[in-house]
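Student: I should like to understand how the terms applied to a structure are justified. Please take me through them, setting each value against its definition.

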Amino acid sequence: MSSVTSAELVKRAAALGPKLRERIEQGAAARRVPPETMADLVASGVLKACMPARWGGHELPFGAHTDVAIELSKYCGSTGWVAGIIGSHNWWLGKYHPDAQREVWEGKPNALVAAAFASKPGSKAVKSGDTFIVNGEWQYCSGIDNCDWVSLMSPVPQPSGPPDLVMVLLKRGEYTIKDVWYSPGLRSTGSNNVVVNDLTVAAHRVTRIHELNSKNSPGQALNTGWTFKLPMLDVFGYSVAGPTLGCARATLDSFIASMTGRTALDMTKPTDHPTLQVRIAEASAELDAATALYHGDIAFMNGVAQVDGTLTPLDIGKIKRNCAYVATLSKRAALRLVEATGAGGLLDGSPVYRAHADTLAAAAHRALNWDISGANYGRLLFGGDASPDAELKRRMAAAEAALKK
Amino acid sequence: MTTTPTENEFIARARALAPSLAARRKQALDLRRLPDSTMADLISAGMFKVMQPKRLGGHELAYGAQVPVSREIAMGCGAAGWLVSVIGTHHWMLGKFEPKAQQDVWGANPDAICCSAFGYSEIDVKPASGGYAVSGRWTFSSGSAAADWAMVSIPTPNDGGPMARKFAMIPKRDFTVLDNWHASGLRGSGSSDIVAKNIFIPDYRTIGFDVIDRLDSPGAKANPGQTYNLNTFLVFNLTGVGPALGCAQSAHDSFTTGMKQRRNVMGSKIPELQNIQMRTSEAGAEIAAGEALIDKHIAALRAAASKDGVLDRGYLLQFQRDCAYIGRLCLNAVGRLIDSQGAHGLADDNLVNLAHADLRGVTAHMTMGWDQNCVPWGKHALGIAHQGLI
């Protein structure tokens, strides 16, 4: 275990705050995290919060990377987002095939890995002897321009039935980046697309989702610490729920700052209006509730991992529900505040607007979708399919049935 | 003899214009104001003249016509819909000014456009012989770059309260547009600040807030039709409603069109999720409720205007509440749709996203903000005194 504490990393993140604020416009204009910022993040060691100690990481409990991301998001939502995402990759890469870990980290402890879970229809990895042939276009690879590697979730077509799902690890140069990220929120995350053309990939760079999302992944032969027992996808939601919460906090902080000392056209002080007072009270209650959920679940998951690492289907359903609910509360708080900014909140430089747009963009992540995770947990409570991958399995079965017709 | 086109005719014209406005939306966003070609199309279709006095080349349709017309325009471009309603409403207000002021604006050019700015960040007003010497900087003047005149507000010397202010007309040569509108919502509306330095405004080009609010305003006597037979304050809160409904409807339409094609990574059809169906349905109901609510109010305003024009205070406060509530319904509807678009909904050129941004712009207006516009009726209903503009 590292001698560095999670609190120390949060302190280092806070120390970067003023620089992040200074570079906000620069990042927004380039639509990606400024290279100077990436260099600062690397130098501060905050991205290595949950990285395996064997490769030079701090191997802190799960969530240390999101504590950092939340802190960074208070100053720049896009930076917090990218740091949270990359920080999580530095954790789950520890569950990958040992040879893949060696290739990325041996002698290069500062290597950065991006990832994409969404792809355009037809994107796939086709098994060919001992290798895979990869083709397609993957979407929303946050921080891709700053990274040395990318990991892509890809279907592998099977002789019959639905495809298997794998993560394919690719090195810079093996893919091209398509500069398509134009978005009002998380604008500086460079969440661009990646195009892969007829690329042959060695088997050790391909790990099955099924194995990664379990407490016994291939990488744990190297990384025997308890943090790697947590299933990759089942707990992933907090890696994006954390930054979402951070962006919502930034909305509240900047809202209070922007209203303080103001005088309205009718010569009254907006801060004297109970309507406004109630808005910040409700937003802060929403965010405190979300923060409590976040801390509670992180502590729970780490507790389970230290015992035997088995999360029940209901545990997983609840974690996913809570991640989506943290995002829902964050979004409500941000919207409640931006609604009350008047025309001043429309201006491009408005910190309230920016932080709110970042919150909404962060909450748009598939892992934070309330419709999916809310309904899934409801189904579990009603005694429905109790599989941890209930939704995926249900659809795979539907696809299989359709093929048989 | 020419006949005046009906409200339905204007709605049809607006509907026909919407696709070409949508095609120039990107250009409007880049310019941060409407392209000249869009302004020219709107002017030649008479979009700004629906409630301009007939005497001066306008169509003088019944008050409320700006709602369905601007709604149709906003279906194509939110900023264009906003300008049609805002400028159209100010042309209606100008119909209540002294006839000589109206003559100055429209006598030589019945197509003249009047922007407005009621809020100011700097102001200096001194009495001068036959009028006022004024310097000032007014904020958020939508459409100012294309305007021939601006309607601004000024405090009068010896200012005694909110109603001791005046509206004043100033010609283009007397003001400068600062081009400082860099905004996320209604980006294409060119709502920049305008500045005037040491200009003279003759008295007849000004009108007191209390005077323009009266049913016997100087202009109402000159333009005796029912159009001007209404109070001004709170009645003009209607301004944001048409653009809000148009933005929401266009978000709804592009959401359903786009969603029909969506598949997830495993190839399943996303629109088959019941949650998506519920969201679509609830958004549709919210928009339909907003439309029904405003139709009811427009009918009530017109019924009053065709008789003695009198609207009681309770009704006006309810009207104020409901205009803002329609903004809220529209925001709820579009927010509900945006939520289920996932990362697709983040793209700068996503139509639901664009409509949402414009809707946020519309609902940021002082007449549409929920907090300030819901409280007065609540106070009234509870028997608590309220100090406001009426």
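Student: Which residue is the bridge partner of B:Trp149 in S5(B)?

Tutor: The partner of B:Trp149 is B:Pro171. This is a predicted model, in which local features need pLDDT of at least 70 and side-chain atom pairs count only at pLDDT 80 or more, while totals for chains, interfaces and linings use all residues. Residues are numbered from 1 along each chain as its sequence is written, and chains are lettered from A and ligands numbered from 1 in the order in which they are written.

Student: What makes S4(B) and strand S5 (residues 165-171) of chain B a pair?

Tutor: Strands are DSSP runs of E with at least two residues, whereas helices are runs of H or I with at least four, both numbered from the N terminus. Two strands pair if DSSP finds at least two bridges between them. S4(B) and S5(B) share seven bridges in the antiparallel sense, so they satisfy that definition. S4(B) also has four bridges to strand S1 (residues 114-117) of chain B, and these two run parallel. There, B:Ala117 stands opposite B:Val152.

Student: Why is strand S4 (residues 149-155) of chain B called largely enclosed?

Tutor: A residue is buried if 20 or more other C-beta atoms, placed from the backbone, lie within 10 Å of its own; it is exposed if there are 12 or fewer, and partly exposed in between. Because five of the seven residues of S4(B) are buried, the strand is largely enclosed by the rest of the structure.

Student: How do you know whether A:Met153 is buried or exposed?

Tutor: A:Met153 has 20 other C-beta atoms within 10 Å; the cut-off is 20 or more, so the residue is buried. A:Met153 belongs to strand S5 (residues 149-156) of chain A. Setting aside neighbours within four places in sequence, its contacts (C-beta atoms, placed from the backbone, within 7 Å) are A:Ala116, A:Phe117, A:Leu165, A:Met167 and A:Ile209.

Student: What makes the four strands S2-S3-S7-S6 of chain B an open sheet with edges?

Tutor: The pairing in this open sheet is antiparallel. Strand S2 (120-128) and strand S6 (176-177) of chain B each have a single partner strand, so one side of each is left without a neighbour in the sheet. Within the sheet, strand S3 (residues 131-141) and strand S7 (residues 192-202) of chain B share eight bridges, and B:Tyr132 stands opposite B:Ile201 in S7(B). Strands of a sheet pair through backbone hydrogen bonds, either parallel or antiparallel.

Student: How do you know that the reach of helix H11 (residues 313-339) of chain B is close to the expected one?

Tutor: The expected span is 1.5 Å times one less than the number of residues. For the 27 residues of H11(B) this gives 39 Å, and the helix reaches 39 Å from its first C-alpha to its last. H11(B) is also mostly covered, with 20 of its 27 residues buried.

Student: What is in the largest nonpolar core?

Tutor: A nonpolar core is a set of buried Ala, Val, Leu, Ile, Met, Phe, Trp, Tyr and Cys residues joined through C-beta atoms within 7 Å. The largest has 227 residues, and A:Val150 and B:Cys330 have the most contacts inside it. Beyond its neighbours within four places in sequence, B:Cys330 is in contact with residues including B:Ala244, B:Ile287 and B:Leu359.

Technical notes. Two residues are in contact if their C-beta atoms, placed from the backbone, lie within 7 Å.
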